[in-house]
Amino acid sequence: MPPVALLLPGAGAQYPAMAYGLYRYEPAFTTAMDTVLEMLGSAGERLYRLWSSGERLRTVAEVHPLLFAVCHALSETVRDRGLRPGAVLGQSVGELVAAVQTGVLPLSDAVRLVAVQADALAEAPAGGALAVAAAPPAVTSFLRGGAVVAASNGPGQTVVSGSEFALAATRRALEVAGLTWMRVQVPAGLHGPLVAEACRETLPAFQASVFAVPHTPLLSGTAGGRPEPERAVDPEFWALQPSRPVLLDAALGQLATVGALLCAEVGPGHGLAVQARRHGHRAVSLLDGCVGAPHEERERLRQALDCLVLGDPEERTADTPSARVAWLRPPGGGSV
Amino acid sequence: MAMSESPDRFTLADLLRLLSESAGIPEGIDLEAEDVVDTPFYRLGYDSLALLQVTGRLKREYGLLLPDTIVADAPTPRALLTVIAHARAA
C-alpha cells in the first residue's frame, strides 16, 4: 500500500457528535477514543456526555480536547488498516495530534497539554474568526479594530480573527469591497494577539514535557512547512502555536517535497482536503463534513479507507465498487 | 465571463461554470455524470466558502437575492438550482 499524508485540522472542523457514528462500531477508533477520554479524567467524562448527546460544542475547553481525541482516533483507524503515514501535517490543535503521530510527544503528554492549553484559551478575551474568499494581501487593507490574519489557507482563502467588534467592522469593510466572507465556528480569537497571554501562561506546562525529533516528516501550520529539528523539540514553539498565524498554504506547498503522497484528512471536516487539492495533491477526507446519521459516517469512512487502501481509483478497473468515490483533484489538470 | 447563453434558464452547466471559476475543477469526478446533480457539493470538492462566492456572483451578475442559509439548505446542485429557479420566477 502506498504511504499516505495525514492532514490534521484545527477548530472550525467540528460538528455535534462528530464521528460518534464510528464509536462502538470501528474497534481501532473506539479504543483510541476511550484511551484519550480516560486520560482526560473528569473532563473526559463531561466531554463524552456532550459528544454522545449530540450537543453543540461551545467553548475552546470543549472543542479542542474533543477534536484532538477524534483526530487521534481517526489516525489510529488509518494505521489499523495497515496504512503507513509518509508525512503528517497539522494545523492549530491538529498540530498536537501531529506531534503524537510523528513521535514528538507521547500520547499521555499531548493529552495533558491539549487540556491545559484549552483551559487557558477558554479564559482569554472573547473573540472569533471569519473566512474570506481572497488571498491575504487582498484582505489586509480591510482589517479593522485590531483584527489580524489568523490563517493563510491559499490564494482563495484567508482566515481573520479578532474581537467581535473587530470582526463586525472588518465584515463591513469586506462587504463594501465586494469580498465574500463567512463565519468560522471558532470560539476564540485564535492565532492572534487576543490569546497570546493565555499561551504564555501554558509555557511551564510545555517545558515539563520532553519533545523528540519527529520520526516521520512533520509539516506544521505554524512553521509553514517542516520545522528544523531544534525548533521541533522547542517547548516554546509548541506552546505559542495557538497565538501564531497558521501558514497552511506554505505547509501544503512543502508537502510535495516529501513525495507524491495520497492525502487523508483525518478529522471531521473536508477543509484541508479541499485546500490540498488546490496544491495539486490527491486528497480524500475520512468523514468529509458528513453531518448526518451514524450510518452515513460509517459509509463515508468505508469509502475513504477503500480509496486509501486500494490506491488511485483511475488505476483500478471501472467496475471496482468504489471506483467513482469523489477523489479531490487539483484544478487545471495538474497531478502529483 | 459572459452571462448564461440561455438567459431564460439557469442550468446545471451555468452553476458548474461558476463553481469552477471560483474554486477550480475537481478532476477524477465526472461532472458530466448523471448523478452529479444529486451529489453533495462537498463530495464534488467545493467547500461552503466556494458556494458563498457563487451566491455572491448570482446576486451581482443575475440580480438574484438568495438567503445566507442557502449553503446549509441546498446541499446539492439540484437543491440549489431549485432555489435559483424560484428566485428567478419571483
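Me: How many salt bridges does the rule find across the interface of domain 1 of chain A and domain 2 of chain A?
Reply: The rule finds zero salt bridges across that interface. Please note that this is a predicted model.

Me: And how many residue pairs are in polar contact there?
Reply: Five residue pairs are in polar contact across the interface of the two domains, both residues being at pLDDT 80 or more. By class, the side of domain 1 of chain A that touches domain 2 of chain A consists of five nonpolar, four polar and two charged residues.

Me: Where do the two domains of chain A run?
Reply: The domain assignment gives domain 1 as 4-122 + 195-333, and domain 2 as 128-186. Their centres, taken over C-alpha atoms, are separated by 24 Å.

Me: How many residues of each domain are in contact, and what area do they bury?
Reply: Eleven residues of domain 1 of chain A are in contact with eleven residues of domain 2 of chain A. Between them the two domains bury about 790 Å², with 43% of it on carbon and sulfur atoms.

Me: Which residues in domain 1 of chain A lose the most area to domain 2?
Reply: They are A:Val246, A:Asp249 and A:Gln275, which together account for 44% of what the domain 1 side buries.

Me: Why give an area for an interface?
Reply: The accessible area lost when the parts come together is often used to express the size of an interface.

Me: Turning to salt bridges, how many are there over all chains?
Reply: A search of the whole structure finds ten. One of them joins A:Glu164 and A:Arg183, whose side chains meet at 2.8 Å, N to O. This pair links distant parts of the chain: A:Glu164 is in helix α7 (residues 164-176) of chain A and A:Arg183 is in strand β6 of chain A, 19 residues apart.

Me: Why do A:Glu164 and A:Arg183 count as partly exposed?
Reply: A:Glu164 counts as partly exposed because its relative accessibility is 41%. A:Arg183 falls in that class because its value is 29%. The class lies between the limits of 20% and 50%.

Me: What does A:Glu76 form with A:Arg79?
Reply: A:Glu76 forms a salt bridge with A:Arg79, and the closest N and O atoms are 4.0 Å apart. The two residues are three apart in helix α3 of chain A, so about one helical turn separates them. A:Glu76 is partly exposed, with a relative accessible area of 26%, and A:Arg79 is partly exposed at 31%.

Me: Which residue forms a salt bridge with A:Arg302?
Reply: The partner is A:Asp306, with the closest N and O atoms 3.1 Å apart. Both residues lie in helix α14 (residues 294-310) of chain A, four residues apart, which is about one turn of the helix. In chain B, salt bridges that share partners join B:Arg17, B:Glu21, B:Arg57 and B:Glu61 into one network.

Me: What helices and strands does chain B have?
Reply: Chain B has five helices and zero strands. Of its 90 residues, 49% count as buried. Among contacts in chain B between residues at least 6 apart in sequence, 60% join residues at least 24 apart.

Me: Back to helix α3 of chain A: is A:His64 buried or exposed?
Reply: A:His64 is buried, because its relative accessible area is 1%, and the limit for buried is under 20%. Helix α3 spans residues 60-80. Leaving aside neighbours within four places in sequence, A:His64 is in contact with several residues, among them A:Ala11, A:Val93 and A:Leu190.

Me: And what does A:Thr77 touch?
Reply: A:Thr77 is in helix α3 of chain A as well. Not counting residues up to four places away in sequence, A:Thr77 touches A:Glu26, A:Ala28, A:Phe29, A:Leu301 and A:Leu305. A:Thr77 is buried, with a relative accessible area of 1%.

Me: Where does A:Pro193 lie?
Reply: A:Pro193 lies in the loop between β6 (181-184) and α8 (196-201) of chain A. A:Pro193 is exposed, at a relative accessible area of 56%. A:Pro193 and A:Pro245 are 52 residues apart in sequence, and their C-alpha atoms are 9.9 Å apart in space.

Me: One last residue: with which side chain does A:Asp34 make a polar contact?
Reply: The side chain of A:Asp34 makes a polar contact with the side chain of A:Tyr23, at 2.4 Å. A:Asp34 is found in helix α1 (residues 27-39) of chain A.

Conventions
Residues numbered from 1 in each chain as written. Chains lettered and ligands numbered in written order. Predicted model: local features only at pLDDT ≥ 70, side-chain atom pairs only at ≥ 80, totals over all residues. Heavy atoms only, no water. Polar contact = N/O pair within 3.5 Å; in protein donor to acceptor, adjacent residues only side chain to side chain. Domains from an automatic or database assignment. Contact = heavy atoms within 4.5 Å. Buried area = accessible area lost by both parts, 1.4 Å probe. Nonpolar A, V, L, I, M, F, W, Y, C, P; charged D, E, K, R; others polar. Buried < 20%, exposed > 50% of the residue type's maximum accessible area, 1.4 Å probe, protein only.
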